[in-house]
Amino acid sequence: MKRDFTQRFGFLVKSVGKLYIEEFDRLARERIGLTSAQCRLLGALAMHGDPGEVEPLSQAELAQRLDLTPMAVAGLCDRMAAAGWIRREPSATDRRVNNILLEPSAEKALDAALSISDGLNTRVMSVLTQAERAQLLSLLGRVQGSLVDITGGGQKP
């Protein structure tokens, strides 16, 4: 018996996310030379706070926030440090830990990544009215909140 999963919530969310990330990744590689994973890493660092105000993120904390293995984040950090996007600094409190900090050049890359995302959002959401876009985002936010309640936590953005 053939089954149709195309109208199931989990299938649709996964499919939309996969297609969106693939297109973002293509555009980001083409325009700024970064992968979507590298853009996510820069975004996680930028959202964490201003230098000097909070303790910088360690590679292990980045791995947890990005839902990647520590080894995957180490490889990302190696490539991004070599390209001048980030720098590693030893932790003042734990010599086994490297903190990851944004280099000034990353600000332009983040602005470009946000511009790519804004343009892609405009393209993919053009099939919806402004009211439908707002409703879709509101409904997804409510579903996300429900999942956070059910799971007792959730992934940080």
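How many bridges pair E2 and E3, and in which sense? The two strands pair over 5 bridges, in the antiparallel sense. The model described here is predicted. The protein holds 6 helices and 3 strands, and from the N terminus on its elements follow the order α-α-β-α-α-β-β-α-α. The points below cover the overall layout, the sheet, the helices, several aspartates and a serine, and the cysteines.

**Overall layout**

- The C-alpha trace of the protein spans about 55 × 35 × 35 Å along its principal axes.
- The protein has 157 residues, and buried residues make up 27% of them.
- Of the contacts with a separation of 6 or more, 50% are accounted for by residues 24 or more positions apart.

**The sheet**

- The 3 strands form an open sheet with antiparallel pairing, and their order across the sheet is E1-E3-E2.
- Strand E1 (57–58) and strand E2 (86–90) are the edge strands, each pairing on one side only.
- Strands of a sheet pair through backbone hydrogen bonds, either parallel or antiparallel.
- E1 and strand E3 (residues 98–102) run antiparallel and are joined by 2 bridges.
- On the E1 side, Leu57 stands opposite Ile100 in E3, and Ser58 stands opposite Asn99 in E3.
- On the E2 side, Ile86 stands opposite Leu102 in E3.
- E3 is largely enclosed by the rest of the structure, because 4 of its 5 residues are buried.

**Helices H2 and H4**

- Helix H4 (residues 70–82) lies across E2 and E3 and runs at about 115 degrees to E2.
- Helix H2 (residues 36–48) also meets H4: their axes come within 11 Å and cross at roughly 90 degrees.
- An angle of 65 to 115 degrees counts as roughly perpendicular, and H2 and H4 are therefore roughly perpendicular to each other.
- On the H2 side, the contact is made by Ala37, Gln38, Leu41 and Leu42.
- On the H4 side, the contact is made by Val73, Leu76, Cys77, Arg79 and Met80.
- The residues of this contact of H2 with H4 divide into 7 nonpolar, 1 polar and 1 charged.

**Asp25 and Ser36**

- Asp25 has its place in helix H1 (residues 9–32), and Ser36 has its place in helix H2.
- Asp25 counts as buried at 17% relative accessibility, because buried means under 20% relative accessible area.
- Ser36 is buried as well, with a relative accessible area of 11%.
- Leaving aside neighbours within four places in sequence, Asp25 is in contact with Leu34, Thr35 and Ser36.
- With neighbours within four places again left aside, Ser36 is in contact with Ile21, Phe24 and Asp25.

**Asp67 and Asp78**

- Asp67 lies in the loop between helix H3 (59–66) and H4.
- Asp67 is exposed, with a relative accessible area of 58%.
- Most residues other than glycine have a negative phi.
- Phi of Asp67 is instead near 60 degrees, a positive value in a residue other than glycine.
- Asp78 is placed in helix H4 and counts as partly exposed, at 43% relative accessibility.
- Asp78 and Arg88 are 10 residues apart along the chain, and 9.3 Å separates their C-alpha atoms.

**Cysteines and disulfides**

- A search of the whole structure finds 0 disulfides.
- Why does Cys39 form no bond with the closest cysteine sulfur? The closest cysteine sulfur to that of Cys39 is in Cys77, and at 14 Å it is too far for a bond.
- Seen from the other side, the sulfur of Cys77 has its closest cysteine sulfur in Cys39, at the 14 Å that is too far for a bond.
- For a disulfide, the two cysteine sulfur atoms would have to be within 2.5 Å.
- Cys39 is buried, with a relative accessible area of 8%.
- Cys77 is buried too, at 0% relative accessibility, and Cys77 is one of the H4 residues in the contact with H2.

Technical notes. Residues are numbered from 1 along each chain as its sequence is written. This is a predicted model: local features need pLDDT of at least 70, side-chain atom pairs count only at pLDDT 80 or more; totals for chains, interfaces and linings use all residues. Side-chain values use heavy atoms; hydrogens and water are left out. Two strands pair if DSSP finds at least two bridges between them. Contact means heavy atoms within 4.5 Å. Axes are lines fitted to C-alpha atoms, for helices over the stretch in contact, and angles run from 0 to 180 degrees between N-to-C directions. Buried means under 20% relative accessible area, exposed over 50%, partly exposed in between (1.4 Å probe, protein chains only). Angles under 35 degrees count as roughly parallel, over 145 as roughly antiparallel, 65 to 115 as roughly perpendicular and the rest as oblique. Ala, Val, Leu, Ile, Met, Phe, Trp, Tyr, Cys and Pro count as nonpolar, Asp, Glu, Lys and Arg as charged, and the others, Gly among them, as polar.
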